[in-house]
Amino acid sequence: AEPTDGLLSSSAPELAALLQNHLDPTLDPSVAVRAAIGHHYASLFVLDTSWAQQHASQIFPAEDTALREAAWGAYVIYTRPYDELLTALGDIYVRSAELAGEPGHGFRWDEAPQAHLGEHLASFYWRAKVALDDELFTTYWENAASDIHRHVIDFVGRSVGELPELEADVRERLLGFWDFARDRAVASGTVDELAPLAWWMRSEALPAQWRLGSLSDLLDLGVKPDPLFAVIESLPSLAREEPTRSVEVLRRILEAERTEWSYDLWDEQTFEVLRVAMTSGNIEAYERAVDTTHWLGSLGYRQYRELLRQA
C-alpha cells in the first residue's frame with residue numbers, strides 16, 4: 001500500500017489520541033503495549049506517514065530504556081526491512097546500532113533484536129541502500145558481539161546459497177561484505193565467527209575460484225566451516241570447475257575430521273570429487289586425487305580403489 005498522510009488525524013482522531021496516551025510513559029508504562037505499537041509501526045507508517053514520523057522518537061526514544069527495547073525489538077524482529085522505513089527511521093537505526101552491544105533490560109525475545117538488526121542492515125546493503133563504510137553499518141559492527149556477527153554472516157550465506165545467479169553489482173557487494181567481515185574478525189581475534197562461510201559454498205552464483213579460495217583461507221585461519229555438510233555437498237559441483245583445489249580442500253577437511261562416522265556420511269561426495277578430478281584431464285588434479293585415494297586406503301577406506309581401476 002502507498003503511504004498516506006493525515007488519515008489518523010482526520011478520519012480517526014480518537015485513535016490518534018488513544019495512541020498518543022499510550023506513548024506517554026506517565027500514563028502507560030507497559031512494555032507490552034509499547035511492543036505492540038512497535039510491532040505495528042510499519043502499518044501505522046502506511047496508514048498515516050506524517051503521524052508515524054512525528055511520533056517515531058516517542059515510540060523509539062533515544063534513551064536506553066525498557067520501553068525502547070520493547071518497541072524496537074518488536075519492530076526489528078517482526079517487520080521486514082523496508083527501504084522507506086530506513087529513510088524514515090535513519091537516526092533510530094543508528095541509535096539501535098549504538099546499543100547493539102548493550103545487555104538490555106531483560107525483555108525476553110525468542111530471537112535477539114541485535115541479530116535481526118543485522119539482517120535488516122545486510123538486506124539494505126544487498127540492495128545498495130547502505131554502504132559498508134556508512135556510519136550505520138560501521139557502528140553496528142563495532143558494537144555487536146561476535147555471535148551476532150556470526151548470525152549476520154550466516155544469514156547472508158543462507159540467502160545467497162539459494163540463488164542460482166546474481167547481478168554483477170550485487171555479487172561484488174556480497175564479496176565485499178565477506179572481505180569486510182573477514183578483515184575485522186582477523187583484527188579482533190574472533191575468527192570463529194566466520195564459520196558460516198559454509199553456507200556461502202552452496203551458491204552457484206558466486207565464483208567457484210572465490211569459494212574455494214575463501215574456504216582454504218578459512219582453514220588456514222584454523223576455523224572449521226559450519227555446517228560442514230554444506231561444504232561437503234558443494235564440492236562435487238565445484239570439482240567440475242576447479243578439480244585440483246576441490247581435492248585439496250577435501251583432503252584438508254578429511255584430515256581434520258578423521259572420525260569414522262564423518263567419512264561414512266561423506267562417502268558419496270568424496271567418491272564423486274575424486275572421480276571428477278581423475279577424469280578431468282588435469283594432471284595435477286589427477287595426481288592429487290590418486291594420492292588422496294591411496295591415503296584413504298591406508299586408513300582402511302578401500303572402497304575408493306575402484307576409481308584407480310577406472311582412471
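## Burial and R251

Buried means under 20% relative accessible area. In this predicted model, R251 has a relative accessible area of 17%, so R251 counts as buried. The residue sits in helix α17, which spans residues 243-256.

Leaving out residues up to four places away in sequence, R251 touches D291, T292 and W295. T270 is 19 residues from R251 in sequence. The C-alpha atoms of R251 and T270 are 9.3 Å apart in space.

## The nonpolar core

The largest nonpolar core holds 100 residues. Y41, Y93, Y140, F177 and W200 touch the most other members. Helix α13, residues 168-188, gives the most to this core, with 8 residues.

What does W200 touch, not counting residues up to four places away in sequence? The list includes I153, V156, G157 and V160. L174, F177 and W178 are also on the list. L206, W210 and R211 complete the contacts of W200.

## Aromatic pairs

The count comes to 23 aromatic pairs. One of them joins F60 and W72. The geometry is edge-to-face, with 5.7 Å centre to centre and 85 degrees between the planes. F60 lies in the loop between α6 (56-59) and α7, and W72 lies in helix α7, so the pair ties together parts that are 12 residues apart in sequence. Are F60 and W72 buried or exposed? F60 is buried, with a relative accessible area of 2%. W72 counts as buried too, at 6% relative accessibility.

W141 and F177 form another pair. This one is also edge-to-face. The centres are 5.8 Å apart, and the planes meet at 90 degrees. W141 is in helix α11 and F177 in helix α13, so the pair links distant parts of the chain, 36 residues apart. W141 counts as buried at 5% relative accessibility. F177 is buried, with a relative accessible area of 1%.

## The aromatic cluster

Which residues form one aromatic cluster with W141 and F177? The other members are Y125, F137, Y140, W178, F180, W200 and W210. Y140, F177 and W200 are also among the core residues that touch the most other members. W200 is in contact with F177, W178 and W210.

## T139 in helix α11

Helix α11 covers residues 135-143 and contains T139. T139 has 13% relative accessibility; the cut-off for buried is under 20%, so T139 counts as buried. Which residues does T139 contact, leaving aside its neighbours within four places in sequence? They are V94, A97 and E98.

## The largest pocket

The largest pocket has a volume of about 330 Å³. The lining is made of 21 residues. Closest to the centre of the pocket are E69, L99, G104, P113 and Q114. Two elements give two or more residues to the lining: α7 (66-78) and α10 (113-126). Helix α7 gives the most, with 4 residues. W72 of the F60 pair also lies in helix α7.

How many lining residues are nonpolar, polar and charged? The lining has 9 nonpolar, 7 polar and 5 charged residues.

Technical notes: Residues numbered from 1 in each chain as written. Predicted model: local features only at pLDDT ≥ 70, side-chain atom pairs only at ≥ 80, totals over all residues. Heavy atoms only, no water. Core = buried A, V, L, I, M, F, W, Y, C linked by side-chain atoms within 4.5 Å. Buried < 20%, exposed > 50% of the residue type's maximum accessible area, 1.4 Å probe, protein only. Contact = heavy atoms within 4.5 Å. 1 Å grid on protein atoms, 1.4 Å probe; cavity = no way out; pocket = protein on both sides within 12 Å on 5 of 7 lines; lining within 4 Å. Points joined across faces, edges and corners; volume = space filled by probe spheres on them. Nonpolar A, V, L, I, M, F, W, Y, C, P; charged D, E, K, R; others polar. Phe/Tyr/Trp six-rings, centres within 6.5 Å; stacked < 30°, edge-to-face > 60°.
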